[in-house]
Amino acid sequence: MSWSAFLWRNLSRNKVRSLLTGGAIALAIALVCFLATMPDGMNRILEQVATNTRVVVHNEAGLVYPLPYAYMQKVRAMPGVVAVTSWTWFGGVFKEEDGISFPNFAVEPDAVGETWPDYGIPKDQLEEFKHRRDGAIVGGGTLKKYGWKVGDQVTLKGTVFPVDLTFKIVGTIPNERAPHFWFQREYLEQAVKAAGGTFDFLGTIWVRVDDPSRLDPLARQIDETFHNSDAQTSSENEKSYFKNFFGALEGLVFLIMLVTALVAVCIVFIAANTASMTVRERMREIAILKAMGFSRRSVFGMLVAEATLLATLAGAVGAFTSLGLTRLVRYASGSWNPTMGPLASFIVSNTILVEGLFLAFFIGMVSGIVPSYGAARRNVVQTLREVF
Amino acid sequence: MIQLEDVSRVYRRGADEVRALDHVSLSIERGRFVALMGPSGSGKSTLLHLLAGLDRPTAGRVMVADRVLNEMSDDELASFRAQHVGFIFQFFNLIPVLSARENVELPLLLTKLSKTERRERASTALRVVGLAERAEHMPSEMSGGEQQRVAIARAIVSDPEIVVADEPTGDLDAKNAVEILALLRDLRREFGKTVVMVTHDSRGEQFVDEIHHLDKGLLDRTVPGGGAA
């Protein structure tokens, strides 16, 4: 028999208790590992949706405030600008749905292909989009969600503008996660005019530049240009723009991480309680071991090693389960369940795996130290007198 | 082999002072089978703990195998016990999750012996106590007498010079008690071990070489036992 076999036998002495404690630790470590993927996962999502050649311009007061349409011309004339397109929120609702379930914007059809060349919209579809006033380009995600296809007619009920518009889908963004619904600005303009209104504003301006190094200088130039106007602008690169959307989510992630840290602390107490119970039940045995010549150090080491072994094994189960689940989600999203798309960005990396194992090791060690120290220091004669 | 010179042991219980041993001097020669007898509270277990290196005297000197135990640190005492003393207790105290052989191997974890050597030694010790064929049985599958034999094998597996036994027959029926006493006597006869036993069992008197009677912490008298050569 070896020391490791002795430790293992001691762990299997009360299987139910070891399993329950191990289960709690495994669950906590799995949770910690998954949540540790959040910051990297968010970054990965941002990198997927953003390029380093676009600037987004919106009202400094916030995204819900409009900008004058005349800004488009001024931005277009700036050096280094390759293409400019505006987005204006239509807020259209499909059929009798309760709310807006996909983002629909009025855009200038001429520059869409040049502003978003990375979206891979087929040229013939872009051409048709330019020439057909009621044409719409719809992202693969929304097409799939509603079972639409190119050639279908779709009516959206306006919630921001007092008009309902019927579109013919002429093209698609070939990405099963893309939710966009783009249509011609002119189509909305005419409908609004017909309803007696005016439409001379826009929501955001998307600018593509010829050189990534121009991004920040151009953003500064745009903001300086409109600095003293009624509608001052705030320009930023695309990644930063999307990051603002995730800002609230990052706060939530921080909160979740905080709660997870507290869970880890609770697990330390649970594991410490288990270790205390184990030590108390084995007081007689420990006294016998010490009588046989086991030193305080070896008794302490043995008891701490037991707690650490249990926690590390449980942590390994938790960490690898977390790894397996995130890989399964990634596999699923790439093959038979594309709706899991965003979750595919949250992958337990080797670093997270090792961190999870270290956390489990640490939990085991810390939980074992106090009860083991007490047992190791206990006077052997006193214990023998008490238990015999 | 074992020499106690004017040894006293005083315990404190709150404000009270309990004199468990009071100026006891005793000498036990190598290879003797000795019984410590006396009523409860007479100090025999305290004396056993002192000469086994489990406790230190308040006054006096304890010398075992040419080593003065009073001067040793806790770690030195632990090391001394591992090398020189084997323990047998009344309630066997085998580890329930280990087989008989693994229980016997336990003290050898403190040595530098290889896994194979540890296994061989444990098997030999079990053969000495007549339990070779029960080596893989768990304690719960064995009778009280068998468990005590395993405990004896565990006490001798590291080949200590001294075996101390605290009421080794206290939890056994008459037949098993006699067998265990005979086994302890054989350890002394065949392997030259010095065996010191605390007992209330008068049957033990026939097996031991000498009996030290204690009363109220004092060594009352020493008489020869039935096993004296």
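A residue counts as exposed if 12 or fewer other C-beta atoms lie within 10 Å of its own, and as buried if there are 20 or more. The structure is a predicted model, and the exercises below work through parts of it.

**Exercise 1. Find the exposed and the buried face of helix H4 of chain B**.

Step 1. Helix H4 of chain B covers residues 115-128. The 14 residues at 1.5 Å a residue should span 20 Å, and the end C-alpha atoms are 20 Å apart, so the expected span agrees with the model.

Step 2. The buried residues of H4(B) are B:Arg118, B:Arg121, B:Ala122, B:Ala125 and B:Leu126. These residues lie on the same side of H4(B) because they cover an arc of only 135° around the axis.

Step 3. An α-helix has 3.6 residues a turn, so residues three or four places apart point the same way.

Step 4. The face turned away from the buried side carries the exposed residues B:Thr116, B:Glu117 and B:Glu120.

Step 5. Cover for the buried residues of H4(B) includes H3 and helix H5 (144-156) of chain B. Just after H4(B), B:Gly130 takes a positive phi of about 80°.

**Exercise 2. Treat helix H8 of chain A in the same manner**.

Step 1. In H8(A), residues 185-194, the buried residues are A:Arg185, A:Tyr187 and A:Leu188. Their arc around the axis is only 160°, which puts them on the same side of H8(A).

Step 2. A:Lys193 and A:Ala194 are exposed on the other side of H8(A).

Step 3. Among the elements covering the buried residues of H8(A) are strands E3 (81-89), E5 (104-107), E8 (164-173) and E9 (181-184) of chain A.

Step 4. A:Gly196, just after H8(A), has a positive phi of about 90°.

**Exercise 3. Which strands are joined to strand E1 of chain A, and by how many bridges**?

Step 1. Strand E1(A) spans residues 54-59, and six of its six residues are buried.

Step 2. Four bridges join E1(A) to strand E11 (residues 204-209) of chain A, and the two run antiparallel. In this pairing A:Val57 stands opposite A:Ile205.

Step 3. Strand E12 (residues 233-237) of chain A is joined to E1(A) by five bridges, again antiparallel. Here A:His58 has A:Ser234 as its bridge partner.

**Exercise 4. Describe the nonpolar cores**.

Step 1. The largest nonpolar core has 114 residues. Those with the most contacts inside it are A:Ile25, A:Ile29, B:Leu51, B:Ala153 and B:Val196.

Step 2. Helix H12 (residues 296-334) of chain A contributes the largest share of this core, eleven residues.

Step 3. A second, separate core has 48 residues, including A:Val112, A:Ile121, A:Val209 and A:Leu215.

Step 4. Leaving aside neighbours within four places in sequence, the contacts of B:Val196 are B:Ile28, B:Val34, B:Leu36, B:Leu48, B:Leu51, B:Ile162 and B:Val164.

**Exercise 5. What makes up the contact between chain A and chain B**?

Step 1. The contact takes 24 residues from chain B and 21 residues from chain A.

Step 2. On the side of chain B that touches chain A, helix H2 (74-84) and helix H3 (100-105) of chain B each supply at least two residues. H2(B) gives the most, with six residues.

Step 3. By type, the residues on this side of chain B divide into 13 nonpolar, four polar and seven charged.

Notes. Residues numbered from 1 in each chain as written. Chains lettered and ligands numbered in written order. Predicted model: local features only at pLDDT ≥ 70, side-chain atom pairs only at ≥ 80, totals over all residues. Core = buried A, V, L, I, M, F, W, Y, C linked by C-beta atoms within 7 Å. Contact = placed C-beta atoms within 7 Å. Arc of directions from axis to C-beta. Pairing = 2+ DSSP bridges. Nonpolar A, V, L, I, M, F, W, Y, C, P; charged D, E, K, R; others polar. Expected span 1.5 Å × (residues − 1).
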